[in-house]
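Thanks for coming. I have one structure to go through today, so please have the sequence and the model open.

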Amino acid sequence: MNNVKRSKILLATFLLAGVVVTLFSFYPKNDKLFSIAKNLDIFASLIRELDSYYVDEIDPDELVTVGINAMLAELDPYTEYIPEEDSDDFRMMTTGEYGGVGAVIGNRLGINMILMPYEGFPAQRAGLRVADELLRVDTVQVVDKNTGEISALLKGPANTEVEVEVKRGEDTLTFNLTRKKIVISNVPYHGMVDEETGYIKLSDFTTNASTDVIQAVQALKANGATKLILDVRDNPGGILKEAVKIVNIFIPKRREVVKTIGKLESVNATYATELSPIDKDIPLVVMINERSASAAEIVAGALQDYDRAVLVGRKSFGKGLVQSTVPLSYNSQVKLTTAKYYIPSGRCIQAIDYSLKDEEGNGKSVPDSLRIAFKTKNGRTVFDGAGIEPDVEVDSRSFAPITYSLVTRSLIFRFANEFALSRESIPAAREFEVSEELYHEFVEWLQDKEYDYVTRVEKTIEDLERYAEREKYFEEIRDELASLKERVTHSKEQDLITFKEEIKDALKDEIVSRYYYQQGIIEGSLDTDAELTKAVEILGDTELYAQILSPKLRE
């Protein structure tokens, strides 16, 4: 047997045994500690016996990691083990910083490629573009590597060199890049929607999120903004203290923003605003949706509880749990749930109770009958237990099956690639439009492409046929079903006309991204975003805005 591997197993067993002995010394005082000690002893014995007797060689690191992850999965989705080799990725997630070239890579069409260079960083400055196919990183051929392996090759200490070879169209190109410290902004875009309304897209809550938002607010006000929209849609959350500081931009100091309450006294805390606000009066809309979570919900919920902003969109995710990172042996860590957070009205918006599991082991939603009513500062009724509910709900945009097929089959992606190879520039992101001529070019390009799909009506008829056969009605309605099927059979050519406008929007997003990157995608969609249009409408109607925030005016 490999001596190094045996040493690892013996060391792990020795350490576990040490823990067991320590815990056994507490046994007379604490039955729970005895139970922990007993089970650790069993676990150490099991690993030792597996290594001795199992028919094949085992990898102790892999086996123990699988066991740890399976154990933590029994608790909740947010408690996770972070081994030493993943610490850099975890640091990047929490700080937004890493050493590298500044590009998102991924696999599309079975090809490893650049999906998005970050503007202003080495990859973009060197000339790498969206859809460049990755062939080589330094001396390593990466065509058959997974994206995780390629990402690791591209990352490294700041000011070190890396050579990247890519295929673009029919050309093979080589780029020499100098890695830099990459700091990803939490605000990928801010700008004026109209002459009075400023818009801020907040995508994360990593280090400096509040600074990014403050700078955006100040820049917009300097440009004449007298109303603001803060967009936290699709924001998964992050650092709690950054959420508190962002609320403080709009709320006076010494106001409670959130409380954390857990099993240990050390995790119980009250977080309040500490500074004078930048603007406590400017009319404000916060946009949320079903993917707004954690810190994003603290910001939206606290501003709603103080009646400081109108919330527009759809009900948020409902994550009211707080995670803390605890160091473990050998530079590993565990991120574990230590508390629940409660926003100023007193409500916890956690939507899933992970202490109650269904038959498949999943947590259960909090039933409506157990949700409790709370009051905002002005006396509006809000509820706990199911995320943050918007003051003005806007249905999510649904796309036709043809649009979905064109996107998922990467046909719009491929057309945008070819478009960008043949055109050096396009108008500004918000000004660029897919003309009738360009749309016709796209339709012609599709002629030899496969993008068949089933419409919702066709799917309904298929379901009806299946149920009719199961319940013995099929023979009676066979002719009617056949006639109905013939009448609703879709025409791709007709669908390309019927759903032209939404297909144009998808084309615009892809094309704009080739020239103006992530910021361009956001800016280019400002005039076609239904939720944003509703937010602007509310801010433009002073009476409606006040009415939404006051229960008395609503009566």
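Start with helix 16, residues 500–524, in what is a predicted model. Helix 16 has 25 residues, yet the C-alpha atoms at its ends are only 18 Å apart. A straight helix, at 1.5 Å a residue, would reach 36 Å. Where is the kink in helix 16 centred? The kink is centred on Tyr-516, and the angle is about 135 degrees.

Helix 16 comes up again in the second largest pocket, where eleven residues of the lining belong to this helix, the largest share. That pocket has a volume of about 1,800 Å³. Its lining counts 50 residues, and those nearest the centre are Asp-234, Asp-509, Ile-521, Ile-522 and Ser-525. Which elements give two or more residues to the lining? They are strand 4 (111–117), strand 11 (197–201), helix 10, helix 11 (411–422), helix 16 and helix 17 (530–540).

Take helix 10 from that list. Helix 10 covers residues 401–408, and its buried residues are Pro-401, Ile-402, Thr-403, Ser-405 and Leu-406. After helix 10 comes Ser-410, with a positive phi near 60 degrees.

Next, the aromatic residues. A pair of aromatic rings is described by the distance of the centres and the angle of the planes. The count of aromatic pairs here is seven. One of them is Tyr-439 with Phe-442, a tilted pair with 6.3 Å from centre to centre and 45 degrees between the planes. Why are these two separated by about one helical turn? Because they are three residues apart in helix 12, residues 436–445. Tyr-439 counts as buried because its relative accessibility is 5%, under the 20% limit. Phe-442 is at 0%, so Phe-442 counts as buried as well.

Phe-442 also pairs with Trp-445. The centres of these two rings are 6.2 Å apart and the planes are at 20 degrees, so this pair is stacked. The cut-off for stacked is under 30 degrees. Phe-442 and Trp-445 are again three residues apart in helix 12, which means a separation of about one helical turn. Trp-445 is buried, as is Phe-442. Adding Phe-415, ring pairs link Phe-415, Tyr-439, Phe-442 and Trp-445 into a cluster.

Trp-445 has a charged residue over its ring too. Lys-449 lies over the face of Trp-445, at 4.1 Å from the ring centre. There is another such case at Phe-413, where Arg-108 lies over the ring face at 4.0 Å from the centre.

Now some loop residues, beginning with positive phi values. Ala-131 has phi near 80 degrees, positive in a residue that is not glycine. Ala-131 sits in the loop between helix 5 (122–126) and strand 5 (133–137). Is Ala-131 buried or exposed? Its relative accessibility is 14%, so Ala-131 counts as buried. Asp-138 is also a residue other than glycine with a positive phi, in this case near 55 degrees. Asp-138 is in the loop that runs between strand 5 and strand 6 (140–141). With a relative accessible area of 31%, Asp-138 is partly exposed, because the partly exposed range runs between 20% and 50%.

The last stop is the loop between helix 6 (147–154) and strand 7 (161–168), where Asn-159 is found. Asn-159 counts as exposed because its relative accessibility is 55%. Thr-160 has its place in the loop between helix 6 and strand 7 too, and counts as partly exposed, at 26% relative accessibility.

How far are these two from Gly-100 in space? Asn-159 and Gly-100 are 59 residues apart along the chain, and their C-alpha atoms are separated by 9.2 Å. For Thr-160 and Gly-100, the C-alpha distance is 9.0 Å with their positions 60 residues apart in sequence.

To recap, the kink in helix 16 is centred on Tyr-516, and helix 16 gives the largest share of the lining of the second largest pocket. The aromatic cluster consists of Phe-415, Tyr-439, Phe-442 and Trp-445. That is the end of the talk.

Terms used. Residues are numbered from 1 along each chain as its sequence is written. This is a predicted model: local features need pLDDT of at least 70, side-chain atom pairs count only at pLDDT 80 or more; totals for chains, interfaces and linings use all residues. Side-chain values use heavy atoms; hydrogens and water are left out. Buried means under 20% relative accessible area, exposed over 50%, partly exposed in between (1.4 Å probe, protein chains only). Helices (H or I, at least four residues) and strands (E, at least two) are DSSP runs, numbered from the N terminus. The expected span of a helix is 1.5 Å times one less than its number of residues. The bend at a residue is the angle between axes fitted to the seven residues ending there and the seven starting there. Rings of Phe, Tyr and Trp (its six-membered ring) pair if their centres lie within 6.5 Å; planes under 30 degrees apart count as stacked, over 60 as edge-to-face and the rest as tilted. A charge sits over a ring if NZ of Lys or CZ of Arg is within 6 Å of the ring centre and within 35 degrees of the ring normal. On a 1 Å grid over the protein atoms alone, a cavity is a set of points where a 1.4 Å probe fits but cannot get out, and a pocket is an open set with protein on both sides within 12 Å along at least five of seven lines; lining residues have an atom within 4 Å of a point. Grid points are joined across faces, edges and corners, and a volume is the space filled by probe spheres set on the points.
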